[in-house]
Amino acid sequence: MLRVESVVGSRNDPGLHEAIHHLEHHHAVEFVTVAVGDLDRRRLMARTDKGEEVAITLPRDQKLHDGAVLVLDHHRAVIVRAGEQRWLRFTPRSASDALELGYHAGNLHWRVR
């Protein structure tokens, strides 16, 4: 079992990109698929696409995200893949409905775009 206690960085970081690209050519990159709802969790058990079990325990100041690099060494890389995020679309009928919707979305700490 692989134990991960911190995120190394992001797949898009220029400093990590070259090393990950090299490992991709040697088929040494593994992916852990995490549901979007589980990205906020600090402790998580998952399995890589090659079948290895991963125990993730992150400190409070780090979060999982799509492309998070969990392991990076000379032999392999383990990267998080997040499932597709689904969004609800609301169309208020009036300004007062929009204000009420905004109030409740903020009060419930919903992510909005």
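In strand β5, threonine 57 is the bridge partner of arginine 43, and this pair is a convenient place to enter the structure. The model is a predicted one, in which local features need pLDDT of at least 70 and side-chain atom pairs count only at pLDDT 80 or more, while totals for chains, interfaces and linings use all residues. Residues are numbered from 1 along each chain as its sequence is written, and side-chain values use heavy atoms, with hydrogens and water left out.

Strands here are DSSP runs of E with at least two residues, and helices are runs of H or I with at least four residues, both numbered from the N terminus; two strands pair if DSSP finds at least two bridges between them. By that criterion, strand β4 (residues 43-47) pairs with β5 in the antiparallel sense over five bridges. The two strands form a hairpin with five residues between them, and glycine 51 in the turn has a positive phi of about 95°. On β5 (residues 53-57) there is also a parallel partner, strand β1 (residues 2-4), joined to β5 by three bridges; within this pairing, leucine 2 has valine 54 as its bridge partner.

Just ahead of β4, the loop between β3 and β4 holds arginine 41. Arginine 41 is partly exposed, with a relative accessible area of 39%, where buried means under 20% relative accessible area, exposed over 50%, and partly exposed in between, for a 1.4 Å probe and protein chains only. Arginine 41 and threonine 57 are 16 residues apart in sequence, and their C-alpha atoms are 8.9 Å apart in space.

A further set of strands makes up an open sheet of four, with the order β2-β6-β7-β3 and mixed pairing. Its edge strands, each of which pairs on one side only, are β2 (9-10) and β3 (29-34). Starting from the β2 edge, two bridges join β2 to strand β6 (residues 68-72), and the two run antiparallel; serine 10 has alanine 68 as its bridge partner in β6. Next in the order, β6 and β7 run antiparallel and are joined by three bridges, with leucine 72 standing opposite alanine 77 in β7, and a hairpin of four residues connects the two strands. At the other edge, β3 and strand β7 (residues 77-82) pair in the parallel sense over six bridges, and threonine 33 has arginine 81 as its bridge partner in β7.

Much of this region is also covered by an annotation. The UniProt record, an unreviewed entry, places the feature "domain: UreE urease accessory N-terminal" at residues 16-78; UniProt positions are given in the numbering used here, feature names are shortened, and annotations may be inferred rather than shown by experiment. In the model, the end C-alpha atoms of residues 16-78 lie 12 Å apart, and the span is 16% helix and 37% strand.

Three histidines help to orient the reader along the chain. Histidine 17 is found in helix α1 and, at 46% relative accessibility, counts as partly exposed. Histidine 27 lies in the loop between α1 (14-25) and β3, where its phi is positive, about 55°, although the residue is not a glycine; histidine 27 is exposed, with a relative accessible area of 66%. Histidine 109 is placed in the segment after α2, has a positive phi near 60° although it is a residue other than glycine, and counts as exposed at 70% relative accessibility.

Helix α2 (residues 95-107) has 13 residues and reaches 18 Å from its first C-alpha to its last, close to the 18 Å expected at 1.5 Å a residue, the expected span being 1.5 Å times one less than the number of residues.

Where is the largest pocket lined? Its lining includes Leu101 and Ala105, together with Arg86, Trp87, Leu88, Arg89, Phe90, Trp110, Arg111, Val112 and Arg113. A pocket is found on a 1 Å grid over the protein atoms alone, as an open set of points where a 1.4 Å probe fits, with protein on both sides within 12 Å along at least five of seven lines, and lining residues have an atom within 4 Å of a point. About 420 Å³ of space lies in the largest pocket, a volume being the space filled by probe spheres set on grid points that are joined across faces, edges and corners. The lining divides into seven nonpolar, no polar and four charged residues, where Ala, Val, Leu, Ile, Met, Phe, Trp, Tyr, Cys and Pro count as nonpolar, Asp, Glu, Lys and Arg as charged, and the others, Gly among them, as polar. Arginine 111 and histidine 17 are 94 residues apart in sequence and 29 Å apart in space, C-alpha to C-alpha.
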